[in-house]
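Here is a short report on one structure and its bound ligand. Please keep the model open while reading.

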Amino acid sequence: MPNQIGALPCRAKILSPTPENILQAAQAIQQGEVVGMPTETVYGLAGDCRNAIAVARIFKTKERPSFDPLIVHVGLQAGSLSNLEALGLIDSSQISPIVRKRADQLIQKFWPGPLTLILPKHSEIPDLVTSGLPSIAIRMPRHPVAQALIAAAQTPLAAPSANRFGRISPTTPEAVLEELGDRMNWILDGGPSQIGIESTVIRFDPQGSIWILRQGGTPQAALEEALQLSLLTPCLEDQFDRMASPGMLESHYAPKKPLYLLPKAVGELHAEDVSKISQFLTKTPHSLPIGLLLMNGDPQPMTQRLSQLLGHPIHFENTAILSPTGDLEEAARNLFMKMRLLDTQEISLILSEPCLSTHGLGYGIADRLKRASSRSP
Ligand code: TXA
Ligand code: MG
C-alpha cells in the first residue's frame, strides 16, 4: 500500500469488499464520514445524504463548488416513485401524471443502472445536496458493492465522482487513491468500473418532455426506444437554461496536460486540418513529446500517419487506443483510464481523435472528450 501520493502523505486504505469491511465503511458513513464507493459507472465519494455535515464533507473533500449538486444513490428496494417518496427523497405532489408514468417506466426498465432522474425534492433532504435547487438527482447503482454499502449504511448515499473538482473521474480504486487519498480513509475495492463513464442525467418538463442534461452510460437511443419518444438535448436548444443543470461546466474530466481534439479521425485528416493543429502546437509549449489518444483501428500506422502529416515525431509508446475494434462499450470503459495513463507519461500535451459515433455510448464519450479539451488554447 503506498503511503505517499506524489509529495502528499496518503491516508486512505483500499479495502477488499468483504462483509466486515463493508460494515466498517457503513459505520464510518453513519458517523458522518465519506467513503470511496465503486459503482458500475465510475467510483463515487459517498456520504449519508440526510446528514448535512457529511454532505459538506463531500464538497470539501472534492473541492467542489457548492453550486454543483450531488446525485443520491438508492438501494434496490427503492424502484418506484412511491418508494422514493416513502424514503423521504422526493415530493410526489409536484409530479404530473404523465411525468409519473414516464419516470416509473424508466425506473422499471433502467434501474439498477446508469440512469439519473431529476425529480422534485423532499423538504427533509438538506439543501446542500441539491445546491439549493428544488429538484434532486437520484439513481440506483447496479454494482453489488455499492448496493451492499447502501444496505449496510441504511441510508441513501449522496455520491459525486471521487475526483478532485474538474479532474478525470476515477474508474479504479487506485485512481481514487491518487485523487483523494490524502483526505479520506476508506476506499472499497469493486474492481475496474464496468461502464467507465458517468450515468445519463435526465429532467422532465411537467408536460412530460424529457431533457438529457448529461449524456452517459444509458444511451439516448435506448431511452427513446423504451418510451417511444424523442428526447431533447440542451446542446441543440439555445433557449435551454444552463443553470438548470449547474454541473454542466465547460471544463471537466480534464487531464493535467492540454488536450486538443482533432477535427476528424487521423485517417481522415487533410492538409487544411493540419494547419489548425500546427497552430495549436505553436501556441502550446511542448518541450516533451506529444501523446496521442486514438478511438480505434491499428495504432502503429495511425501514429506514423499523424507524425508525417504534422512533420513532428510522435512515439508509439505515447499512443493510447480506446478500442482497437471500435467497440464503444470498450472505448467508454477505457476512456478515463487511458486519459489518466497519458497524463502520467513524459509528454507535454495530448492530441485526441474525436468520437463521432451517434450510436450507443458515442454521445457520452464525445461529451467527455469535448469537456476534457475545453481548457486547451
Ligand atoms: O455515474 C454517476 O452519475 C456518478 C457515480 C458516482 O454514480 N456520479 C456522478 O456525480 O457523476 P457527479 O457529482 O460527478 O455529477 C452529478 C451531476 C451534476 O454535476 C449535475 O450536472 C447533475 O448531476 N445534477 C445533480 N443534481 C441535479 C439537479 N437537481 N438538477 C440538475 N442537474 C443535477
Ligand atoms: Mg463528476
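The report starts with the ligand, then turns to selected residues and to the backbone.

## The ligand site

This is a predicted model. The shell around ligand 1 counts 24 residues, and T41, R64, D68, H73 and S199 come nearest. By class, 11 residues of that shell are nonpolar, eight are polar and five are charged.

Three side chains place a polar atom close to an oxygen atom of ligand 1; the table gives each distance.

| Residue | Partner | Distance |
|---|---|---|
| T41, polar side-chain atom | oxygen atom of ligand 1 | 2.7 Å |
| R64, side-chain N or O atom | oxygen atom of ligand 1 | 2.8 Å |
| R214, polar side-chain atom | oxygen atom of ligand 1 | 2.9 Å |

Taken alone, ligand 1 exposes 680 Å², and the protein buries 97% of that area. Which elements give two or more residues to the shell around ligand 1? They are β6 (71–73), β8 (135–139) and β12 (210–214). Strand β8 gives the most, with three residues.

## S193 and its surroundings

S193 sits in the loop between β10 (186–188) and β11 (200–204). Is S193 buried or exposed? It has a relative accessible area of 2%; the limit for buried is under 20%, so S193 is buried. A polar atom of the S193 side chain lies 3.4 Å from the backbone oxygen of T39.

Leaving out residues up to four places away in sequence, S193 touches T39, E40, T41, V42, Y43, P170, T171 and R333. One of these contacts, T41, is also among the residues that come nearest to ligand 1.

## A26 in helix α1

A26 belongs to helix α1, residues 19–30. A26 is buried, at 1% relative accessible area. Which residues does A26 touch, not counting those up to four places away in sequence? They are L149, A152 and A153.

T171, a contact of S193, is a useful reference point. A26 and T171 are 145 residues apart in sequence, and their C-alpha atoms are 21 Å apart in space.

## T319, T303 and I314

Strand β15 covers residues 319–321 and includes T319. T319 has 16% relative accessibility; that is under 20%, so T319 counts as buried. The side chains of T319 and T303 make a polar contact at 3.1 Å. Beyond four places in sequence, T319 touches L292, L294, P299, T303 and I314.

I314 lies in the loop between α9 (299–310) and β15. I314 is buried too, with a relative accessible area of 7%. With residues up to four places away in sequence left out, its contacts are I290, L292, T303, L306, S307 and T319. How far apart are the C-alpha atoms of I314 and T303? The separation is 6.5 Å, for residues 11 places apart along the chain.

The two contact lists overlap. L292 and T303 appear in both, and T319 and I314 touch each other.

## Cysteines

How many disulfides does the structure hold? There are zero. A disulfide is a covalent bond between the sulfur atoms of two cysteines. C10 counts as buried, at 15% relative accessibility. C355 is buried as well, with a relative accessible area of 9%.

## Backbone points to check

Which peptide bond is cis, with omega near -5°? It is the bond from W111 to P112. P112 is in the loop between α4 (97–110) and β7 (115–120).

Two residues other than glycine deserve a look for phi. E63 has a positive phi, near 55°. E63 lies in the loop between α2 (52–62) and β6, and β6 is one of the elements that give two or more residues to the ligand 1 shell. At 49% relative accessibility, E63 counts as partly exposed.

Q228 has a positive phi of about 55° and is not a glycine. Q228 is found in the loop between α7 (220–227) and β13 (259–261). Its relative accessible area is 66%; exposed means over 50%, so Q228 is exposed.

Technical notes:
Residues are numbered from 1 along each chain as its sequence is written. Chains are lettered from A and ligands numbered from 1 in the order in which they are written. This is a predicted model: local features need pLDDT of at least 70, side-chain atom pairs count only at pLDDT 80 or more; totals for chains, interfaces and linings use all residues. Side-chain values use heavy atoms; hydrogens and water are left out. A residue is near a molecule or strand if one of its heavy atoms lies within 4 Å of it. A polar contact is a pair of N or O atoms within 3.5 Å; within protein, one must be able to donate a hydrogen and the other to accept it, and residues adjacent in sequence count only if both atoms are side-chain atoms. Accessible areas come from the Shrake-Rupley method with a 1.4 Å probe; for residues, only the protein chains shown count as cover. Helices (H or I, at least four residues) and strands (E, at least two) are DSSP runs, numbered from the N terminus. Ala, Val, Leu, Ile, Met, Phe, Trp, Tyr, Cys and Pro count as nonpolar, Asp, Glu, Lys and Arg as charged, and the others, Gly among them, as polar. A disulfide is a pair of cysteine sulfur atoms within 2.5 Å. Buried means under 20% relative accessible area, exposed over 50%, partly exposed in between (1.4 Å probe, protein chains only). Contact means heavy atoms within 4.5 Å.
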